[in-house]
Protein chains: 2
Amino acid sequence: MVRPGGRSARVQASVHAAVRELASEVGRDALTVPMIAQRAGVTPSTVYRRWGDLQELLSDVAVERLRPDTAPQDHGTLSCDLTAWAEQFLDEMSSPAGRAYIRDALLGDPDGGNAGRCSAYAAEQIGVVLARAAGRGEPAPGVETVIDQVVAPMMYRILFRPDGLDTSYAHRLVAGVLTPAGERVSPG
Amino acid sequence: MVRPGGRSARVQASVHAAVRELASEVGRDALTVPMIAQRAGVTPSTVYRRWGDLQELLSDVAVERLRPDTAPQDHGTLSCDLTAWAEQFLDEMSSPAGRAYIRDALLGDPDGGNAGRCSAYAAEQIGVVLARAAGRGEPAPGVETVIDQVVAPMMYRILFRPDGLDTSYAHRLVAGVLTPAGERVSPG
DNA sequence: CGCCTTAACGCAAACAGATTGCTTTAATGA
DNA sequence: TCATTAAAGCAATCTGTTTGCGTTAAGGCG
């Protein structure tokens, strides 16, 4: 029996808000469960019983913040749409805050559900862009292809090689996935 | 003034060994610093002073275990070499143990140094394979291209979508990076 | 509308891991 | 061998975590 409404919902909202507030006040690394509980007007045991530990709570909050709040903008062509989306994605995700959210989402995630949700967000956004292109009659790759050739390389570098990432890298990846291979140049 | 030898080295080796032993005995999630310290014949404060916290210690150990112990085998052609390497990489990294190591390496890694080291290991192995191909006179892509189109997609799926990964996925990725784009099929 | 069941929360005590000042050991260089 | 000092040991303290039990209130039902 799950109880999604009423007091439980208020506690969840209050705790999430407390995490966001305190993270911006004292910094993410200084967060503790008792501190969050006090700000949320809740006892620590409530947090531990619901989320298990600090990492799972942070993972929960991170996934919410990584959820796109709006559909990708329509620039008229697949190339422009994908480029703009990739540019924004890289920009947001490679920032210190973005990297912290990604790490948190991956971290406190025993069953992989939160990570899967993050990936689903990106896939959904890309799906919108590609469906739009199909509606225009433009030839377009599949969602999985874009994930493999655009999202995955950006995410890999964000996580494993944070240095030297810039807009032109996103541009090269998008160009690569849209360009017939003969004319392609190395994205390195 | 750093002291890499003598007692410090013994403590480091002893603690690392304790982590590996205990991880296989009681499971990674049950590890605690006091437990590790006792097994290593060391006081907890020593571990905290040297590694900061449990996550950084586990990150340290994880990176060591992710280091390849041998050069990629030579199968005679670039295609075979890369395929075999990618297959083994995916196999090792997508296992529960492999995923735990990757997560640990990413996790307790404030400055990104450990994650960078992991990426460098892969780049080095790929570099060997590609240099071998060049020695044979085979045409070969650059290391960065292979990382973008083979390593990154595998790692992305290991971290964000652990389901449905198999050998054929690695094969498709390698085929994709070695095949002139006109004849390419979608890797999805 | 009010009662019943029980999930979820509050409280507080007990526990365990993390931190720190001070002392002691031993690695390095002269 | 001696002087220096990084690193380890020890122990007290502090803070975060866990848990048993009583209380509150959400959701279901007559």
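User: Before anything else, what does buried mean for chain A, and what share of its residues counts as buried?

Analyst: Buried means under 20% relative accessible area, exposed means over 50%, and partly exposed is in between, with a 1.4 Å probe and protein chains only. Of the 188 residues of chain A, 42% count as buried. Keep in mind that this is a predicted model, where local features need pLDDT of at least 70, side-chain atom pairs count only at pLDDT 80 or more, and totals for chains, interfaces and linings use all residues. As for bookkeeping, residues are numbered from 1 along each chain as its sequence is written, chains are lettered from A and ligands numbered from 1 in the order in which they are written, and side-chain values use heavy atoms, with hydrogens and water left out.

User: Why is A:Asp148 called buried?

Analyst: A:Asp148 has a relative accessible area of 1%, and the cut-off for buried is under 20%, so A:Asp148 is buried. You'll find A:Asp148 in helix H8 (residues 143-160) of chain A.

User: What makes the pairing of A:Asp148 with B:Tyr169 a polar contact?

Analyst: A polar contact is a pair of N or O atoms within 3.5 Å; within protein, one must be able to donate a hydrogen and the other to accept it, and residues adjacent in sequence count only if both atoms are side-chain atoms. The side chains of A:Asp148 and B:Tyr169 make theirs at 2.5 Å.

User: And why is A:Tyr101 called partly exposed?

Analyst: The relative accessible area of A:Tyr101 is 23%. Partly exposed sits between the 20% and 50% cut-offs, so A:Tyr101 is partly exposed. A:Tyr101 belongs to helix H6 (residues 96-107) of chain A.

User: What does A:Tyr101 touch, leaving out residues up to four places away in sequence?

Analyst: A:Ala62, A:Arg65 and A:Leu66. Touching here is contact, meaning heavy atoms within 4.5 Å. With A:Arg65 there is also a side-chain to side-chain polar contact at 2.9 Å. A:Val63 lies 38 residues from A:Tyr101 in sequence, yet their C-alpha atoms are 7.5 Å apart.

User: How do you know which elements make up chain A?

Analyst: Helices (H or I, at least four residues) and strands (E, at least two) are DSSP runs, numbered from the N terminus. By that count chain A has 9 helices and 0 strands.

User: Where do the domains of chain A begin and end?

Analyst: Domain 1 spans 7-52 and domain 2 spans 69-183; such bounds come from an automatic or database domain assignment. Taken over C-alpha atoms, the centres of these two domains of chain A are 31 Å apart.

User: What makes a residue count as near DNA strand C, and how many residues surround the strand?

Analyst: One of its heavy atoms has to lie within 4 Å of the strand. In this model 25 residues surround DNA strand C, and A:Ser45, A:Thr46, A:Arg50, B:Arg7 and B:Tyr48 are the closest. Sugar and phosphate account for 63% of the strand's atoms that come within 4 Å of the protein.

User: Which side chains have a polar atom by a phosphate oxygen of DNA strand C?

Analyst: Among them are A:Thr46 at 2.5 Å, A:Arg50 at 2.8 Å and B:Arg10 at 3.3 Å.

User: Which helix gives the largest share of the surface near DNA strand C?

Analyst: H3(A), with 4 residues.
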